[in-house]
Amino acid sequence: MATLHIEHPITDFTVWKEAFDRFAAARADAGVRRHRVQRPVDDPAYVVVDLDFDEVADAERFLGFLRSRVWASAESAPALAGTPRTRILETAEDHQGSGPSTST
C-alpha cells in the first residue's frame, strides 16, 4: 500500500472541506482506497490528509493531478493557504491493536 500524505495551512475548514468533498469522484477514479482528514488539536487552521492507494504509481499520478489541476487554481482550492507539503509513503507495517496485552 502507498499513502499520499499531504499537509498545509488553511484559511477556513468549512470552505476547505467543501472543496475537498467536490473531488470525491476524482479520488475514487484515481484509485484512492481510503482517506483520513486530521487537524492538529492546537491549530485549527491546518489540515493533514492521508490518501491510501494500492500502488505508488497511483499516488504519484494523483499528486500530479493535485499540483496541476487543483492547487494551481484558487477556485479549486479556495481555502488553501501556502504550498502543501507532500510525501508518498509505503507501508512498512500496519497493526491495529486492542491495547496492551496482559498476561496472568
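Helices and strands here are DSSP runs, helices of at least four residues and strands of at least two, numbered from the N terminus. The model on display is predicted.

**First stop: strand 1 and its neighbours**

Select residues 2-9, which make up strand 1. Seven of the eight residues of this strand are buried, so strand 1 is largely enclosed by the rest of the structure. Next, add residues 46-53, strand 3. Strand 1 and strand 3 run antiparallel to each other and are joined by eight bridges. To find one of these positions, pick threonine 3, whose bridge partner in strand 3 is aspartate 52.

Then add residues 85-90, which form strand 4. Strand 1 pairs with strand 4 in the antiparallel sense as well, over six bridges. Here the residue to pick is glutamate 7, which has arginine 85 of strand 4 as its bridge partner.

**Second stop: the cavity**

Keep strands 1 and 3 in view and add helix 1 (13-22) and helix 3 (56-70); each of these four elements supplies at least two residues of the lining of the largest cavity. The structure holds one cavity of 30 Å³ or more, and the space in the largest cavity comes to about 230 Å³. To centre the view on it, select Trp16, Phe20, Leu66, Val70 and Trp71, the closest to the cavity centre among the 16 lining residues. What classes of residue make up the lining of the largest cavity? The lining has 13 nonpolar residues, two polar residues and one charged residue.

**Third stop: the aromatic rings**

Show the side chains of Phe23, Phe53, Phe62 and Phe65, which form one aromatic cluster. Across the structure, the count of aromatic pairs is five. One to inspect is phenylalanine 23 with phenylalanine 65: the ring centres are 6.2 Å apart and the planes meet at 70°, and because planes over 60 degrees apart count as edge-to-face, this pair is edge-to-face. Its two members come from distant parts of the chain, 42 residues apart: phenylalanine 23 is in the loop between helix 1 and helix 2 (24-30), and phenylalanine 65 is in helix 3. Is phenylalanine 65 buried, partly exposed or exposed? Its relative accessible area is 22%, so phenylalanine 65 is partly exposed, given that buried means under 20%.

**Last stop: charges over rings**

Return to phenylalanine 20, one of the residues closest to the cavity centre, and display arginine 27 beside it. The charged end of arginine 27 sits over the ring of phenylalanine 20, at 3.8 Å from the ring centre. Finally, select phenylalanine 13 and arginine 39: the arginine lies over the face of the phenylalanine, 4.0 Å from the centre of the ring.

How values were computed. Residues are numbered from 1 along each chain as its sequence is written. This is a predicted model: local features need pLDDT of at least 70, side-chain atom pairs count only at pLDDT 80 or more; totals for chains, interfaces and linings use all residues. Side-chain values use heavy atoms; hydrogens and water are left out. On a 1 Å grid over the protein atoms alone, a cavity is a set of points where a 1.4 Å probe fits but cannot get out, and a pocket is an open set with protein on both sides within 12 Å along at least five of seven lines; lining residues have an atom within 4 Å of a point. Grid points are joined across faces, edges and corners, and a volume is the space filled by probe spheres set on the points. Ala, Val, Leu, Ile, Met, Phe, Trp, Tyr, Cys and Pro count as nonpolar, Asp, Glu, Lys and Arg as charged, and the others, Gly among them, as polar. Rings of Phe, Tyr and Trp (its six-membered ring) pair if their centres lie within 6.5 Å; planes under 30 degrees apart count as stacked, over 60 as edge-to-face and the rest as tilted. Buried means under 20% relative accessible area, exposed over 50%, partly exposed in between (1.4 Å probe, protein chains only). A charge sits over a ring if NZ of Lys or CZ of Arg is within 6 Å of the ring centre and within 35 degrees of the ring normal. Two strands pair if DSSP finds at least two bridges between them.
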